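Biologist: I'm new to this one. Could you pick a single part and take a close look at it with me, in plain words?

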Amino acid sequence: MASANSLEKRLQIAGTLLILGLLIEALCLLWKAPIAFIIFVAIGGSLLGVGVLVYLLSLVSASADNR
Amino acid sequence: MPTFAIVILVLFSAVLAGVVVVRPAITMSRAGKILAFGVFFFLPLFSLVAGMENQMQRSESTAFCLSCHVMEPYGKSLHIDDPAYLAGAHYQNHRVPADEACYTCHTDYAMFGTLKVKLSGLRHVYIYYLGTPPAPQNIKLYQPFNNRECLHCHLGARSFEEGVVHTADPATLPAIKANKLSCVSSGCHDVVHDIAHLNDAKFWKETD
């Protein structure tokens, strides 16, 4: 149960990061200024990258906890 | 993929991610696990790649280049009503795509040229927002303009290969093709943007 809660918490962190990243990406796609590209890659891309990484790590740690 | 479609995809991904964040317990079932993989891995990466592609294409547009105010005079020079102005003549007669006019001439048609040009573009954005951009009249090319960029379109064209001036001396064409005789700085097509004389110029009015 504790392991399930910990997995859910990690999924929530990953999801929050991904939502923030996706919202930034959507705004940058609508904003037609050169700086939008930098924000898209640097902030949006980083948030998405970290979000995906947290998700993958949560899967790995969950399978390790189940052993 | 159109911008509108990518934005919809990105927002759809965000909504689905929101569902998993609010109710993480749904990932305990097999279907929930598949949903989580799609929402937390596949869709974000696909959105990122599609968005990057869209941003890359946008960075090639004339409007993108001219959105920096230091580029305004160069944009104006595209409308000079004088065929001697190389950039204007190419833009107005659609010898280059009007919506990608800057990129078509100022890209690098060599191997990895696109990557090189995109990195230069990033440098321009950095200087524009975080550095001190030079005054328009002080903007210079990093390297002399390479004939390769002209020959990308003109090589093999009758007007180029059989042009009176180009064929007057048999050594001219090989020298141009070998980039030993520059198209733009040898007293031939040397009036390109000439922004110093914009005040004296007559302008062509583009009809919508």
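Modeller: Sure, one term to begin with: two residues are in contact when they have heavy atoms within 4.5 Å of each other. This is a predicted model, where local features need pLDDT of at least 70, side-chain atom pairs count only at pLDDT 80 or more, and totals for chains, interfaces and linings use all residues. Residues are numbered from 1 along each chain as its sequence is written, chains are lettered from A and ligands numbered from 1 in the order written, and side-chain values use heavy atoms, with hydrogens and water left out.

Let's look at Ala87(B), which lies in helix H5 of chain B, residues 86-92. Helices here are DSSP runs of H or I with at least four residues, strands are E runs of at least two, and both are numbered from the N terminus. Ala87(B) counts as buried because its relative accessibility is 13%; the cut-offs are under 20% for buried, over 50% for exposed and partly exposed in between, using a 1.4 Å probe and protein chains only.

What does Ala87(B) touch, leaving aside its neighbours within four places in sequence? Leu78(B), Val192(B) and His193(B) are in contact with Ala87(B). Then there's Asp194(B): Ala87(B) and Asp194(B) sit 107 residues apart in sequence, yet 9.5 Å apart in space, C-alpha to C-alpha.

Stepping back to the whole assembly, chain B puts 36 residues into its contact with chain A, and chain A puts in 31. No salt bridges turn up across that interface: the rule finds 0, where one would be a side-chain nitrogen of Lys or Arg within 4 Å of a carboxyl oxygen of Asp or Glu.
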